[in-house]
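Colleague: Could you walk me through this structure in small steps? I am new to this, so a friendly tour would help.

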Amino acid sequence: MNGTTWHLITTEGRSPAENMAIDEAVATFVARGELKPTLRFYSWAPHAISVGRFQRATRDLDRDALRKNQIPVVRRLTGGRAVLHADELTYSVILPETMPSLPTNVIESYRLLTEGVRRGYRALNVPAEFSVPLTEADREALRKPKSAVCFDAASYYELAVDGKKIAGSAQVRHQGAVLQHGSIPLSMDDDVLFDCFNLEADEKVEAKARFGDKAVSLNETLGRDVSFDEVAAAFTDGFRDAFDLTFEPLVFTESQQEEIRQLVLKYESDEWIWKR
């Protein structure tokens, strides 16, 4: 992996369905050998909630509250729990599964790729470190999470500052490619987030209090506002430093754009979003 050239692409302000379609399409293009390993940064317009591939959205989410808050939902290709994508930078890193230096063990490959994220935080002077659940109580909390919200707890090799989760990431192996993507919150609006879940009023109060103890944003950590461009530059440096990379811009061909358009239809469909 070290000393190689990757593609780099930034796609700001895309729809939820388009964001997920691009990630899946790039994974397909990388697996087919059409593209080099790819690092992508993106943002969401409008803001949205993404749910994990196997999450029971029909049980966890309040569709009336989603409509009231004008928050669309999209289902990811990756697993995990719900994330509100609002004021954030989202990253994805996509590699061929056959890359020799990529561990076949999922947790170890996750740790390896997240090193680029960790160094990106370091470039912003944020002392993020890997969170490894050490106690049986911590491991039990991961097996049986208390809420359907991603940032409620840090999983293996996710990043935390002073014990608070600062990034939420997920990984999947898809048709010969490894896709890892994650949310880097610049700020957080937990009122909107928890309003969209099927919880009783007292449960929402408890969940929000727990969330405040478990998660933190970049702005809060740094004590100042950061921009998308500043964070993207830092994370580009982080991945470059971690893997001794050079980057070249990625521009999709017309045929690749058509494949993306077809995948957008999938990610927009109720059949996919509300499949469970």
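**Rings, strands and buried residues**

Modeller: Happy to, and please keep in mind that this is a predicted model. Let us begin with a charge and a ring: the charged end of Arg63 sits over the ring of Trp274, 3.9 Å from its centre.

Colleague: Which ring has Arg40 over its face, and at what distance from the ring centre?

Modeller: Here the arginine is Arg40, and the ring belongs to a tyrosine. Arg40 lies over the face of Tyr42, and its distance from the ring centre is 3.6 Å.

Colleague: What kind of pair do the rings of Tyr91 and Phe239 form?

Modeller: The structure holds 9 aromatic pairs. A pair of aromatic rings is described by the distance of the centres and the angle of the planes. For Tyr91 and Phe239 the centres are 6.4 Å apart and the planes stand at 45°, which lies between the 30 and 60 degree limits, so the pair is tilted.

Colleague: How many residues apart are Tyr91 and Phe239?

Modeller: Tyr91 belongs to strand 6 (residues 88-96), while Phe239 belongs to helix 9 (residues 228-243). Both residues are buried, and they are part of one aromatic cluster with Trp6 and Phe243. The pair links distant parts of the chain, with a separation of 148 residues.

Colleague: Which strands stand at the edges of the open sheet with the order 4-3-5?

Modeller: This sheet has 3 strands, and the pairing is mixed. An edge strand here has a single partner strand, so one side is left without a neighbour in the sheet. That applies to strand 4 (73-75) and strand 5 (83-85).

Colleague: Which residue stands opposite Ser50?

Modeller: Strands of a sheet pair through backbone hydrogen bonds, either parallel or antiparallel. Strand 3 (residues 48-51) and strand 5 pair in the antiparallel sense over 3 bridges. Opposite Ser50, in strand 5, stands Val83.

Colleague: Which residues of strand 8 point the other way from Glu158 and Ala160?

Modeller: In a regular strand the side chains alternate between the two faces of the sheet. In strand 8 (residues 158-161), Glu158 and Ala160 point one way, and all four named residues of this strand, on either side, are buried. Pointing the other way are Leu159 and Val161.

Colleague: Which residue in the turn between strand 8 and strand 9 has a positive phi?

Modeller: Strand 8 runs antiparallel to strand 9 (residues 164-165), and 2 bridges join them. Across this pairing, Ala160 stands opposite Lys165. The two strands form a hairpin with 2 residues between them, and the turn residue with a positive phi, of about 50°, is Asp162.

Colleague: Is Thr38 buried or exposed?

Modeller: Thr38 is found in strand 2 (residues 38-44), and among the residues in contact with Thr38 are His7, Val26, Ile94 and Leu250. A polar atom of the Thr38 side chain lies 2.9 Å from the backbone oxygen of Lys36. The relative accessible area of Thr38 is 0%, and buried means under 20%, so Thr38 is buried.

Colleague: How far apart in space are Val231 and Pro96, C-alpha to C-alpha?

Modeller: Val231 is found in helix 9 and is buried, with a relative accessible area of 0%. Val231 touches residues including Leu89, Leu124, Ile184 and Leu218. In sequence, Val231 and Pro96 are 135 residues apart; in space, C-alpha to C-alpha, the distance is 26 Å.

Technical notes:
Residues numbered from 1 in each chain as written. Predicted model: local features only at pLDDT ≥ 70, side-chain atom pairs only at ≥ 80, totals over all residues. Heavy atoms only, no water. Buried < 20%, exposed > 50% of the residue type's maximum accessible area, 1.4 Å probe, protein only. Polar contact = N/O pair within 3.5 Å; in protein donor to acceptor, adjacent residues only side chain to side chain. Contact = heavy atoms within 4.5 Å. Phe/Tyr/Trp six-rings, centres within 6.5 Å; stacked < 30°, edge-to-face > 60°. Lys NZ or Arg CZ within 6 Å of the ring centre and 35° of its normal. Pairing = 2+ DSSP bridges. Lists of a residue's contacts leave out its neighbours within four places in sequence.
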